[in-house]
Amino acid sequence: MATPNQEDELTMSTDEFLEAQAELYHHCIAFVKSLTLKAATDLGVADAIHRRGGAATLSDLASETGVHPTKLSNLRRIMRVLTASGIFSVQHSDVVSDDDAVYKLTRVSRLLVKSSSYPLSPVVPVLVDPFAWSALLRMPEWLATDERASLFDLAHGCPLWDTTVEDGGLFKDGMAADSRVAMQVLLARCGGVFEAVRSSLVDVGGSHGTTAAAVAKAFPHIKCTVLDLPDVVAGAPTKDAAVTFVAGDMFEYIPPADAILLKWIMHDWKDEDCIKILRQCKEAIPSRDAGGKVIIIETVVGSGFPGAQQIFSKEAQVLMDVFMMYIDGIEREEHEWSKIFFEAGFSNYKITPTNGVLSVIEVYP
């Protein structure tokens, strides 16, 4: 039974209640923003606006994207969500009608244009993924047991990686798009990290070599090798002479090199697995005096954004952390990174925030 003091804590004015109710409902249906974003991405709304010179009416969008005329009002409702969310912007004349609004790109939706300098539309279906969502819906029952299988295994009866084999390249394309954009930015902002590599680098789990190719192009003195599983390497391109592909298992062996690169690999694994990977990395590189290091490109929760962006970025980082829970992954804070580095036998590390989602971590033997 609640005590009088506890009851007082639950009491609020009518205005407080109404504000709290609106906030609660907002959080409950926030997933609608993600779904409308995916719908707009699948339809190619950003590209349609770009083709129209950067401004398009509702009728323009319907014509460009193939939306049926009978669904024009539904498209307007979707665009209203996306403009309220800041994905697109909208302008009205004095008389507002369904076809009066003129939609324009924002800095966010520019990333969805295929010809953008930073095209990230392939990443959207990877993050707004029904397999991930249905797995995360099992969190309550999963948390209440000592179930060792991941949420994904529990929901779908198989690991995530089994589904990516038959997804038509969706996951691979999303990760390649992320790598192209990330490396374009990181090489411009943190190029010294790679420039200091003496002569060789192994990109562990580098798939078809998008990241390694970017490093090789920017720094021709670095001989770049990609290590990935045999079935991944079997489908890798062979025309890029700057990158060599090696089939193998990072838990068993990593080819020797001056530097080992791990981009968005560690957040897939629990601490004990990360320590095993890092110990293999340590075996593969020379001493720090001889230029050996491991370069990790990952999120460091709590770092990366200054000023007003910090609140937004921290929420994005912790949301990504829970998102990764569906495969038993984790986004780590600095003290969590530090723990696994030292347990793996490394002596020091340096974190360079990028004012973005990712940080560059140099780990020294």
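In which sense do β2 and β3 pair, and over how many bridges? The pairing is antiparallel, and four bridges make it up. This tour of a predicted model starts from that pair, after a view of the whole chain.

**The whole chain**

Display the full chain of 365 residues, of which 42% count as buried. The C-alpha trace spans about 70 × 65 × 45 Å along its principal axes. Colouring by secondary structure should bring up 18 helices and twelve strands. In a contact map restricted to residues at least 6 apart in sequence, 61% of the contacts join residues at least 24 apart.

Switch to a surface representation. The chain exposes about 19400 Å², and carbon and sulfur atoms supply 56% of that area. If the charged groups are coloured, there are 32 positive and 49 negative charges to find, and their mean positions lie 7 Å apart.

**The three-stranded sheet**

Return to the cartoon and select residues 55–57 and 88–91, which are β1 and β2, the edge strands that each pair on one side only. Add β3, residues 102–105, which is joined to β1 by three bridges in an antiparallel arrangement. Together they form an open sheet in the order β1-β3-β2, with antiparallel pairing. From one strand to the next, the twist averages 35°.

In general, the strands of a sheet pair through backbone hydrogen bonds, either parallel or antiparallel. To follow the register here, centre on A55, which stands opposite K104 in β3. T57 is placed opposite V102 in β3. On the β2 side, V102 is also the bridge partner of Q91.

Now show the side chains of β3. Which residues lie on its covered face, and which on its uncovered one? Y103 and L105 belong to the covered face, V102 and K104 to the uncovered face. This can be read against a general rule: in a regular strand the side chains alternate between the two faces of the sheet. Next select helix α5, residues 58–65, which lies across β1 and β3 and runs at about 95° to β1.

**The seven-stranded sheet**

Move to the other sheet, an open one with mixed pairing and the strand order β6-β5-β4-β7-β8-β12-β11. Its edge strands are β6 (243–247) and β11, each pairing on one side only. The twist averages 20° from one strand to the next. Helix α12, residues 170–189, packs on this sheet and touches β7, β8 and β12, with its direction at about 125° to that of β7.

Within the sheet, select β4 (200–204) and β7 (259–263), a parallel pair with three bridges. Here L201 stands opposite A259 in β7. Then bring in helix α14, residues 210–218, which lies across β4, β5 (223–228), β6 and β7 and runs at about 175° to β5.

**Helix α18 and its surroundings**

The last stop is helix α18, residues 334–343. Which of its residues are buried? They are W337, S338, I340 and F341. To see what covers them, select the surrounding elements, which include helix α16 (271–284) and the strands β8 (293–298), β9 (300–301), β10 (332–333), β11 (348–353) and β12 (359–364). Of these, β8, β12 and β11 also appear in the order of the seven-stranded sheet. Finish at G345, which follows α18 and has a positive phi near 100°.

Notes. Residues numbered from 1 in each chain as written. Predicted model: local features only at pLDDT ≥ 70, side-chain atom pairs only at ≥ 80, totals over all residues. Heavy atoms only, no water. Helix = DSSP H or I, 4+ residues; strand = E, 2+ residues; numbered from the N terminus. Buried < 20%, exposed > 50% of the residue type's maximum accessible area, 1.4 Å probe, protein only. Contact = heavy atoms within 4.5 Å. Areas by Shrake-Rupley, 256 points an atom, 1.4 Å probe, with all protein chains shown as cover. Lys, Arg positive; Asp, Glu negative; His and termini not counted. Charge placed at Lys NZ, Arg CZ, Asp CG, Glu CD. Pairing = 2+ DSSP bridges. Axes fitted to C-alpha atoms, helices over the stretch in contact; angles between N-to-C directions.
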